[in-house]
Amino acid sequence: MARRKAAPRRRRPKVISLLNIGEGIAQANIVTQAFLGTSAIGFVLDDPMEPGVSIRDAIQNPSKLSDKLGQTMTFENVAMTAFQSALLNVGFRFGRRALRGSVNKFNSSVMSPLALGIKL
């Protein structure tokens with residue numbers, strides 16, 4: 001009888017990367033700034049000093065959200081957002097490659113001994 005091949009094991013990373021978190025926040029900021037008129041953190045935390053739509057406004061008054069999206073969903077705005085997002089992605093890739101040695105040294109000498117589950 002033939003042996004069955006074991007199913008591949010998918011492993012999750014055991015640590016959180018601060019660079020990945022930063023890139024995610026920057027991407028979210030580009031999109032919320034372009035389409036909602038506020039930063040990603042202002043959208044979630046409902047900062048009264050920032051203009052635009054917050055998550056509380058979207059829940060309480062969905063028509064305000066649809067009006068704002070209707071105003072900002074133009075081809076030029078979508079194209080500019082896509083360009084900014086692509087440029088940010090290229091910048092993060094280039095930065096990671098350029099700083100790979102320094103980041104690895106910092107992670108192994110500083111972050112690993114602390115055992116916090118966080119890396120740069």
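## Working around the fold

**Exercise 1.** Leaving aside neighbours within four places in sequence, which residues is G52 in contact with?

*Solution.* Start with the cut-off: contact means heavy atoms within 4.5 Å. With neighbours within four places in sequence set aside, G52 touches L36, G37, T38, D57 and K64. Next, place G52 on the chain: it sits in the loop between helix 2 and helix 3 (55-60). Helices (H or I, at least four residues) and strands (E, at least two) are DSSP runs, numbered from the N terminus. For a distance check, take G52 and S39: 13 residues separate them in sequence, and their C-alpha atoms are 8.8 Å apart. Last, accessibility: G52 counts as partly exposed because its relative accessible area is 30%, where buried means under 20%, exposed over 50% and partly exposed in between (1.4 Å probe, protein chains only).

A quick note before going on. You're looking at a predicted model, with local features needing pLDDT of at least 70, side-chain atom pairs counting only at pLDDT 80 or more, and totals for chains, interfaces and linings using all residues. Numbering runs from 1 along each chain as its sequence is written, and side-chain values use heavy atoms, with hydrogens and water left out.

**Exercise 2.** Work out how the length of helix 1 compares with its expected span, then find its buried residues and what they pack against.

*Solution.* Count first: helix 1 has 18 residues. The expected span is 1.5 Å times one less than the number of residues, and that comes to 26 Å here. From first C-alpha to last, helix 1 reaches 26 Å, close to that expectation. Now list what's buried in helix 1: E23, Q27, I30, T32, A34 and F35. These buried residues pack against helix 2 (40-45), helix 4 (62-72) and helix 5.

Pick T32 from that list. T32 is in helix 1, and it's called buried because its relative accessible area is 10%. Beyond its neighbours within four places, T32 contacts G37, T38, S39 and A40. One of those, G37, comes just after helix 1 and takes a positive phi of about 75°.

Then come at helix 1 from the other side. T81 lies in helix 5 and is buried, at 7% relative accessible area. Setting aside neighbours within four places in sequence, T81 is in contact with I30, V31, A34 and F35.

**Exercise 3.** How many salt bridges does the structure hold, and which parts of the chain does the pair link?

*Solution.* The criterion is a side-chain nitrogen of Lys or Arg within 4 Å of a carboxyl oxygen of Asp or Glu. Behind it is a simple idea: side chains of opposite charge can pair when their charged atoms come close. The structure holds 1 such bridge. E23 and R96 make it, with the closest N and O atoms 3.3 Å apart. The two are 73 residues apart and link distant parts of the chain, with E23 in helix 1 and R96 in helix 5. Finish with accessibility: E23 is buried at 14%, whereas R96 is partly exposed at 28%.

**Exercise 4.** Find what lines the largest pocket, and which helix gives the most to the lining.

*Solution.* Definitions first. On a 1 Å grid over the protein atoms alone, a cavity is a set of points where a 1.4 Å probe fits but cannot get out, while a pocket is an open set with protein on both sides within 12 Å along at least five of seven lines; lining residues have an atom within 4 Å of a point. Grid points are joined across faces, edges and corners, and a volume is the space filled by probe spheres set on the points.

The largest pocket holds about 200 Å³. Its lining is S17, L19, N20, R96, R97, L99, R100, V103, N104, N107, K119 and L120. Helix 1 (18-35), helix 5 (75-98) and helix 6 (100-114) each supply at least two of these, and helix 6 gives the most, with 4.

Now zoom in on L120, in the segment after strand 2 (118-119). L120 is partly exposed at 30%. Apart from neighbours within four places, L120 contacts S17, L18, L19, V103, F106 and N107. I21 is 99 residues away along the chain, yet the C-alpha atoms of L120 and I21 are separated by 9.8 Å.
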